[in-house]
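Biologist: I have a model open and would like to go through it with you. Could we start with the backbone and then turn to the chains?

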There are 2 protein chains.
Amino acid sequence: MFEVAELGHAVAKAEYKARVPELRTRLLTLQQRLLEADFPVLVLVSGVDGAGKGATVNLLNEWLDPRHLRTYAFGPKSDEERERPDFWRFWRALPPHGHIGIYVGSWYSDPIADRLHDRISDADLDARLQQARAFEKMLADDGALVIKFWLHLSRTAQKERLDALAADPETAWRVTRRDREHLKLYDRFRAVAGHALRETSTGDLPWVIVEGADPRYRHLTVGRHLADRLETHLDGAGARQTRAGSKHIATPTESDPRTVLDTVDLSRSLPKKAYKAALTEHQNRLSRLSRRAAERGVSSIVVLEGWDAAGKGGIIRRIVPALDARHFQVIQVAAPTDEERAHHYLWRFWRHIPRAGNTTVYDRSWYGRVLVERVEGLCSEAEWLRAYAELDDFERQLTGHGIVLVKLWLHIDPDEQLRRFQEREQVPWKRHKITEEDYRNREKRALYEHAVNDMVERTGTEYAPWTLIAANDKRHARIEALKTFCERLEAALDGAAQPRPSPGLE
Amino acid sequence: MFEVAELGHAVAKAEYKARVPELRTRLLTLQQRLLEADFPVLVLVSGVDGAGKGATVNLLNEWLDPRHLRTYAFGPKSDEERERPDFWRFWRALPPHGHIGIYVGSWYSDPIADRLHDRISDADLDARLQQARAFEKMLADDGALVIKFWLHLSRTAQKERLDALAADPETAWRVTRRDREHLKLYDRFRAVAGHALRETSTGDLPWVIVEGADPRYRHLTVGRHLADRLETHLDGAGARQTRAGSKHIATPTESDPRTVLDTVDLSRSLPKKAYKAALTEHQNRLSRLSRRAAERGVSSIVVLEGWDAAGKGGIIRRIVPALDARHFQVIQVAAPTDEERAHHYLWRFWRHIPRAGNTTVYDRSWYGRVLVERVEGLCSEAEWLRAYAELDDFERQLTGHGIVLVKLWLHIDPDEQLRRFQEREQVPWKRHKITEEDYRNREKRALYEHAVNDMVERTGTEYAPWTLIAANDKRHARIEALKTFCERLEAALDGAAQPRPSPGLE
């Protein structure tokens with residue numbers, strides 16, 4: 001794998017001097033075009049210590065316009081990072097459309113280092129590489145250009161370089177004990193890194209191995225490759241445009257119109273008196289559980305989905321009194337802000353992942369992708385089709401980190417929905433909730449039912465199951481929602497029955 | 001001060017039940033109106049322990065629509081917070097326009113607790129209260145509605161309440177050792193808090209003292225006051241609109257057209273050879289200094305202001321090679337995003353304050369307020385006039401935290417500027433930089449000179465001085481900029497001559 005990067009590639013000074021001005025102009029011109037584009041660029045600079053990672057990153061900062069790029073290095077996690085899934089820190093560091101993010105150290109650093117020092121097994125490493133691959137694929141599918149450089153040095157070259165750095169007082173500080181240790185581990189490092197690169201080098205997302213010994217060769221190679229990839233991607237952006245243009249309005253194709261929603265018994269109801277008793281009981285129970293969760297640092301996320309007017313707000317208002325407002329937040333998912341629009345569609349959900357011990361309720365959620373966006377043709381068929389896997393991956397990360405994830409679908413029939421729309425129109429401070437669109441959406445009921453069916457089928461997992469709640473009777477629905485939340489929280493706190501995704505993922 | 005809140009105010013159950021539905025409807029209706037408004041609401045819930053702060057916050061979450069409000073509690077600082085000025089955590093927690101932020105614990109908690117436990121002196125307390133007042137005033141001046149509740153309990157009532165909480169297993173967890181200690185310190189706490197409240201109760205930003213002993217009285221009082229203030233503010237919003245409408249285009253009124261810029265000797269220049277030597281010298285110097293700064297956790301911020309085409313980009317490109325890209329970021333200040341627009345104008349700058357040991361270069365900055373926004377009438381006269389104090393306050397917080405703040409104004413004369421505009425139009429990848437607007441701005445030179453003069457006069461302080469750089473000769477300007485940065489960093493690292501704002505502010 002690394003042999004081609006041990007051939008002693010070098011570029012003469014005169015050639016370098018001749019090539020650089022043109023390359024810089026080209027890079028700057030491309031960067032200008034990028035500013036108007038609808039995708040971000042991620043440049044990973046990884047590799048062997050001493051192969052010039054720092055110098056390469058600094059060079060890119062010099063050659064490109066530093067106002068539209070940002071370099072991210074990842075040291076030890078901050079406490080705010082430790083309280084979220086591993087990838088939260090990388091989601092925080094994603095560049096918006098038109099910008100370049102340069103990564104020194106990345107989602108590969110820890111897995112490789114952990115395997116090198118025997119903190120994880122081969123199987124764990126592979127699981128984590130699979131995560132890295134999924135992350136990049138998701139970004140690339142969304143249009144991002146991801147370029148992965150691996151700067152390589154032979155063992156001999158690495159030793160010579162470290163010795164040279166150490167000998168110069170100006171650079172001696174760069175040589176850490178970790179570098180010396182890595183040199184000792186060179187052969188093992190090479191094997192682990194080689195495995196990691198092979199596992200994560202795909203057609204779209206190849207690793208580019210660059211011989212690091214000669215700075216001029218390294219700089220020209222990295223710069224040219226960056227320019228070439230950027231140009232190709234920018235030229236292809238027009239083609240990708242049709243992706244969003246090729247809108248596809250879903251139509252149910254099944255001959256059998258039955259869906260998983262037909263299994264919900266909408267006749268279920270709760271008399272007022274029983275409701276009042278159950279409400280107090282479950283609010284108290286939730287209150288106790290949430291205090292234990294706060295003490296133990298267990299976070300929870302409640303996803304509320306359901307038909308318009310199915311009673312999401314009413315459920316939120318019944319959850320609120322049971323929780324300490326200081327540890328609780330409701331995120332209403334409405335139109336994205338322009339910062340959110342300039343990122344992957346999951347970015348806006350990642351940014352609200354609660355700190356340890358806190359609860360976030362999403363009033364509508366990431367499932368918009370496979371519901372309203374699918375049915376209304378707001379994304380392409382390819383986009384919503386691949387979303388099932390992306391959403392599952394997202395939820396694996398949440399639950400893998402120990403977050404309790406409760407997903408509720410509130411089900412009502414069309415007659416009940418119409419009745420509620422009309423009722424809302426009578427109440428001054430509810431009237432704004434009902435728009436023409438609500439009525440229009442009602443007419444697409446069959447399409448939505450089909451979408452809900454697919455959603456439950458494809459994203460209902462052991463660790464993040466869907467609970468379908470009969471909500472024609474509001475009282476019944478509220479108690480069911482509270483009960484479900486309590487049960488899931490209890491299972492997690494008692495550590496007994498809480499399913500987690502397969503190990504090694506978090 | 002607190003006597004009126006020890007009268008045993010109480011509300012009978014029947015009256016409470018009769019009043020609440022109307023009050024809730026009113027609050028929800030007002031909150032709906034607020035969603036469309038161009039200001040945020042901050043509700044501080046402070047007071048004596050056991051006076052029902054938690055219950056009040058939970059109640060507001062119940063009565064209001066929790067999707068448009070968020071509760072913020074401030075425990076020990078996270079490490080990311082510790083690395084920034086004290087108020088950074090509060091800036092992070094500011095609600096956008098149309099939303100409500102509820103604060104349990106706030107910028108008052110630490111100052112009062114610190115004085116109570118003799119960690120700071122009376123003078124320190126007053127300095128910190130002054131900071132709190134300035135923060136609120138700044139928000140209020142920008143249109144925010146700030147409501148400050150102080151829930152009070154007499155000593156007897158506090159003791160009774162804590163005992164009652166402790167006796168009930170459902171609530172015993174709420175009584176902490178800190179609460180018991182505070183009870184012992186009641187008289188002293190009352191005196192310190194009373195002082196704090198008096199010092200920070202202004203006409204626009206009064207403290208509302210609410211007797212906390214009877215929950216029904218407390219709830220109705222808080223709810224009604226919130227509704228009244230919200231209604232008044234919403235009704236007044238039309239009046240405030242004229243604030244932005246009353247645009248005032250600045251005109252120089254002085255009979256003497258000379259400004260501080262006339263003191264800059266634009267004939268200064270540097271021959272190419274001397275420049276090359278000086279560049280290497282100062283880049284090496286900056287490189288060494290920035291490494292020391294990174295080790296010691298000293299952050300720096302470079303503010304680059306100057307005429308269009310004065311050479312800001314060129315200076316950034318000369319700073320870049322001296323710094324480690326991993327600890328360095330350039331923020332280009334262009335049009336704000338919609339999230340930024342929904343906050344105070346300084347919010348977008350606070351969000352980029354570097355972590356410990358890092359450097360941020362602002363390519364244009366918060367001074368836009370008193371330069372382009374003033375001259376082009378993008379803000380009202382009142383807004384830019386009060387900005388001098390706001391900017392000074394901001395910079396006091398930065399420098400008070402130990403951040404090295406370097407402010408550079410790059411000066412060129414109109415002929416040189418014109419020459420550079422024309423030159424840029426010849427270069428393909430620079431052409432986009434020159435627009436009609438640049439030429440238009442040129443015609444307002446006198447107005448801008450006047451604005452720069454005022455800016456330097458009013459915001460050039462010992463701890464955050466302006467350096468005016470003669471930039472007709474690019475080489476001279478680049479070396480001056482590097483030298484200034486080096487000198488300021490060196491002074492800070494040697495701990496000798498680095499001026500700080502008066503103590504107690506950070």
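Modeller: Certainly; please keep in mind that this is a predicted model. A:Gly495, just after helix 20 of chain A, takes a positive phi of about 65 degrees.

Biologist: What does helix 20 of chain A reach from its first C-alpha to its last?

Modeller: Helix 20 of chain A, residues 474-493, reaches 29 Å between those two atoms, close to the 28 Å expected for its 20 residues at 1.5 Å a residue.

Biologist: Changing topic: how many residues of chain B are in contact with chain A?

Modeller: On chain B, 38 residues are in contact with 38 residues of chain A. Several elements of chain B each supply at least two residues of that side, including helix 1 (13-35), strand 2 (69-73), helix 12 (312-319) and strand 7 (328-332). Helix 2 of chain B gives the largest share, five residues.

Biologist: And what is that side like by class?

Modeller: The side of chain B that touches chain A has 14 nonpolar, twelve polar and twelve charged residues.

Biologist: Which rotation superposes chain B on chain A?

Modeller: A rotation of 180 degrees, with 0.0 Å of shift along its axis, does so at an RMSD of 0.0 Å. The two copies are therefore related as by a two-fold rotation axis. The same surface serves both copies, as 100% of the contact residues of chain B recur in chain A.

Biologist: Now the interior. Which residues touch the most other members of the largest nonpolar core?

Modeller: A:Val43 and B:Val43 do, in a core of 225 residues. Setting aside residues up to four places away in sequence, B:Val43 touches B:Leu60, B:Ile100, B:Ile102, B:Tyr103, B:Ile147 and B:Leu226.

Key:
Residues are numbered from 1 along each chain as its sequence is written. Chains are lettered from A and ligands numbered from 1 in the order in which they are written. This is a predicted model: local features need pLDDT of at least 70, side-chain atom pairs count only at pLDDT 80 or more; totals for chains, interfaces and linings use all residues. Two residues are in contact if their C-beta atoms, placed from the backbone, lie within 7 Å. Helices (H or I, at least four residues) and strands (E, at least two) are DSSP runs, numbered from the N terminus. Ala, Val, Leu, Ile, Met, Phe, Trp, Tyr, Cys and Pro count as nonpolar, Asp, Glu, Lys and Arg as charged, and the others, Gly among them, as polar. Copies are superposed by least squares on the C-alpha atoms of residues with pLDDT of at least 70 in both. A nonpolar core is a set of buried Ala, Val, Leu, Ile, Met, Phe, Trp, Tyr and Cys residues joined through C-beta atoms within 7 Å. A residue is buried if 20 or more other C-beta atoms lie within 10 Å of its own, exposed if 12 or fewer, and partly exposed in between; C-beta atoms are placed from the backbone. The expected span of a helix is 1.5 Å times one less than its number of residues.
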